[in-house]
Amino acid sequence: QVQLVESGGGLVQAGGSLRLSCAASGRTFSRDAIGWFRQGPGKEREFVAAISWSGGSTYYADSVKGRFSISRDNAENTVYLQMNSLKPEDTAVYYCNIVIYGHTQGFGSWGRGTQVSVSS
């Protein structure tokens, strides 16, 4: 069973950028669509972005379109989330998970996530 580990979070000022990484261990996830999700303080976990197994197709939540970009390197067994023009409302714990492409729910095990904090 694949295990996913998120990293790259931190504290950044509004307007800044961060790049998150989602690394797989246990088995390759090169044939899986992967999604990023986030859970802000006092909020439900929500979908952020997803990428097809080949990396050729992506889709995003309306709240991050034009600011976030998801990509993957199957040779490195890693999926990335480039976050630009960050806003305080982007503050959340970010998670990655396996998804069925076109859907917005993760169905694998959830990892510990990585904290992103955006100051105003």
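This tour visits two sheets, the nonpolar core and a pocket, in that sequence.

The model is predicted: local features need pLDDT of at least 70 and side-chain atom pairs count only at pLDDT 80 or more, whereas totals for chains, interfaces and linings use all residues. Residues are numbered from 1 along each chain as its sequence is written, and side-chain values use heavy atoms, with hydrogens and water left out.

**The four-stranded sheet**

Select residues 3-7 and 68-73, which are strand 1 and strand 7, the edge strands of an open sheet, each pairing on one side only. Strands here are DSSP runs of E with at least two residues, numbered from the N terminus, and two strands pair if DSSP finds at least two bridges between them. This sheet has four strands in the order 1-3-8-7, with antiparallel pairing. From one strand to the next, the twist averages 20°, where axes are lines fitted to C-alpha atoms and angles run from 0 to 180 degrees between N-to-C directions.

Remain on strand 1, which has Leu4 and Glu6 on a covered face and Gln3, Val5 and Ser7 on an uncovered one. In a regular strand, side chains alternate between the two faces of the sheet. Five bridges pair strand 1 with strand 3 in the antiparallel sense; glutamine 3 stands opposite serine 25 of strand 3. At the other edge, strand 7 is joined by six bridges to strand 8, residues 78-83, and the two run antiparallel. Here, threonine 78 in strand 8 is the bridge partner of aspartate 73.

**The six-stranded sheet**

Next, display the open sheet with the order 2-10-9-4-5-6, whose six strands show mixed pairing. Its edges are strand 2 (10-13) and strand 6 (58-60), each of which pairs on one side only. On average, neighbouring strands of this sheet are turned by 25° against each other, direction ignored.

Select strand 4, of whose seven residues six are buried (under 20% relative accessible area, with a 1.4 Å probe and protein chains only). Strand 4 runs antiparallel to strand 9 and is joined to it by seven bridges; glutamine 39 stands opposite valine 93 in strand 9. Five bridges also join strand 4 to strand 5, again in antiparallel fashion, and isoleucine 34 has isoleucine 51 of strand 5 as its bridge partner. Strands 4 and 5 form a hairpin with six residues between them, and glycine 42 in the turn has a positive phi of about 70°. Moving outward, three bridges join strand 5 to the antiparallel strand 6, where tyrosine 59 is opposite alanine 50.

**The nonpolar core**

Now show Trp36, Leu81, Met83 and Tyr94, which touch the most other members among the 33 residues of the largest nonpolar core. Such a core is a set of buried Ala, Val, Leu, Ile, Met, Phe, Trp, Tyr and Cys residues joined through side-chain atoms within 4.5 Å. Strands 3, 4, 5, 7, 8, 9 and 10 each supply at least two of its residues. Centre the view on tyrosine 94: leaving aside residues up to four places away in sequence, its contacts include Leu20, Trp36, Val48, Phe68, Leu81, Met83 and Val116 (contact means heavy atoms within 4.5 Å).

**The largest pocket**

Finally, select Gln1, Val2, Gln3, Leu4, Asn97, Ile98, Phe107, Gly108, Ser109, Trp110 and Gly111, which line the largest pocket. A pocket is an open set of points on a 1 Å grid over the protein atoms alone, where a 1.4 Å probe fits, with protein on both sides within 12 Å along at least five of seven lines; lining residues have an atom within 4 Å of a point. The space in this pocket is about 160 Å³, the volume being that filled by probe spheres set on the points. Strand 1 and strand 9 each supply at least two residues of the lining.

Key:
Buried < 20%, exposed > 50% of the residue type's maximum accessible area, 1.4 Å probe, protein only.
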